[in-house]
Amino acid sequence: AQVAEAEFVKSSVRTEDCPSDGLPEFALVGRSNVGKSSLLNSLVRRRKLALTSKKPGKTQCINHFRINDSWYLVDLPGYGYAVAPQELRTDWGKFTKGYFLNRSTLVSVFLLIDASIPAKKIDLEYASWLGENQIPMTLVFTKCDKRKKKKNGGKRPEENVSDFQELIRGFFQTAPPWIMTSSVTNQGRDEILLHMAQLRNY
Ligand code: GDP
């Protein structure tokens with residue numbers, strides 16, 4: 001389940017403008033700075049594929065990358081910019097939630113959560129919204145290589161991961177699958193690709 005070919009296809013402002021060839025897709029989403037671009041680049045083994053979503057003007061777009069001519073990785077804008085005005089945050093919610101609810105070729109959302117810090121309210125809200133709306137979801141924990149010093153009160157990634165799962169449990173009928181990753185060590189990369197291959201073959 002490796003990536004032989006990755007090609008940027010388009011940036012869409014609305015769900016209706018997304019590619020209409022019916023290929024299955026997986027959407028990556030998470031708080032800004034969670035490590036989404038790094039992970040995307042690690043998955044396709046390139047340095048700069050994911051930069052599109054960071055260009056000014058493209059931050060509010062749905063970015064489609066076609067993989068091996070047979071499925072899509074979709075880069076969604078990051079949420080939780082501390083500086084974003086309320087208006088923009090509301091728009092962001094409408095825009096991505098509309099995509100999740102209406103995109104029929106979406107196989108699963110991959111929600112990225114930073115495992116090097118304790119759970120953030122906005123991530124919990126996001127995960128619970130996906131759970132309540134029964135959007136198929138996989139939890140991808142990022143930065144699992146980062147180890148906080150115990151004496152500073154920091155928790156290990158494993159502890160943050162199990163805390164997070166515990167906090168969202170009530171919103172899911174069955175606990176979502178989860179994968180621990182690091183773009184530094186490439187931990188989890190093959191597991192993500194294999195998981196995506198399995199989901200496509202259902
Ligand atoms: P994005 O805003 O979600 O696209 O996040 P980026 O991929 O740009 O990463 C944000 C910051 O986190 C950068 O400084 C990265 O170097 C760092 N980062 C991303 N992934 C990892 C990881 O797996 N481990 C560590 N230690 N740092 C990471």
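**Notes on the fold, the sheet and helix α1**

1. Let's start with contacts: among those in the protein chain between residues at least 6 apart in sequence, 75% join residues at least 24 apart. Two residues count as in contact if their C-beta atoms, placed from the backbone, lie within 7 Å. Bear in mind that this is a predicted model, where local features need pLDDT of at least 70 and side-chain atom pairs count only at pLDDT 80 or more, while totals for chains, interfaces and linings use all residues. Residues are numbered from 1 along each chain as its sequence is written.

2. Now the parts list. You'll find 5 helices and 7 strands in the protein chain; helices (H or I, at least four residues) and strands (E, at least two) are DSSP runs, numbered from the N terminus. Reading from the N terminus on, the order is β-β-α-β-β-α-β-α-β-α-β-α.

3. The 7 strands make an open sheet with mixed pairing, in the order β1-β3-β4-β2-β5-β6-β7. At the edges are β1 and β7 (178–180), each pairing on one side only. Two strands pair if DSSP finds at least two bridges between them. From one strand to the next, the twist averages 25 degrees.

4. Strand β2 deserves a look. 6 of the 6 residues of β2 are buried, so this strand is largely enclosed by the rest of the structure. Buried means that 20 or more other C-beta atoms lie within 10 Å of a residue's own, exposed means 12 or fewer, and partly exposed is in between; C-beta atoms are placed from the backbone. Glu25, Ala27 and Val29 point one way from β2, while Phe26, Leu28 and Gly30 point the other way.

5. What about the partners of β2? With β4, the pairing is parallel over 4 bridges, and Phe26 stands opposite Leu73 in β4. With β5, β2 also runs parallel, joined by 6 bridges; there Leu28 has Phe110 as its bridge partner.

6. Helix α1 (residues 36–44) is a similar story: 7 of its 9 residues are buried, so the helix is largely enclosed by the rest of the structure. Those buried residues are Lys36, Ser37, Leu39, Leu40, Ser42, Leu43 and Val44. They pack against β1 (6–12), β2 (25–30), β4 (71–75), β5 (106–114), β6 (137–142) and α5 (189–200). Right after α1 comes Arg45, with a positive phi near 55 degrees.

7. A second helix to find is α3 (residues 121–132), which lies across β5 and β6 and runs at about 160 degrees to β5. Axes here are lines fitted to C-alpha atoms, for helices over the stretch in contact, and angles run from 0 to 180 degrees between N-to-C directions.

8. Finally, the core. The largest nonpolar core has 38 residues, and those with the most contacts inside it are Ala27, Leu28, Leu73, Leu111 and Leu112. β5 supplies the largest share of this core, 6 residues. A nonpolar core is a set of buried Ala, Val, Leu, Ile, Met, Phe, Trp, Tyr and Cys residues joined through C-beta atoms within 7 Å. Leaving out residues up to four places away in sequence, Leu112 touches several residues, including Leu28, Val29, Lys36, Leu39 and Val140.
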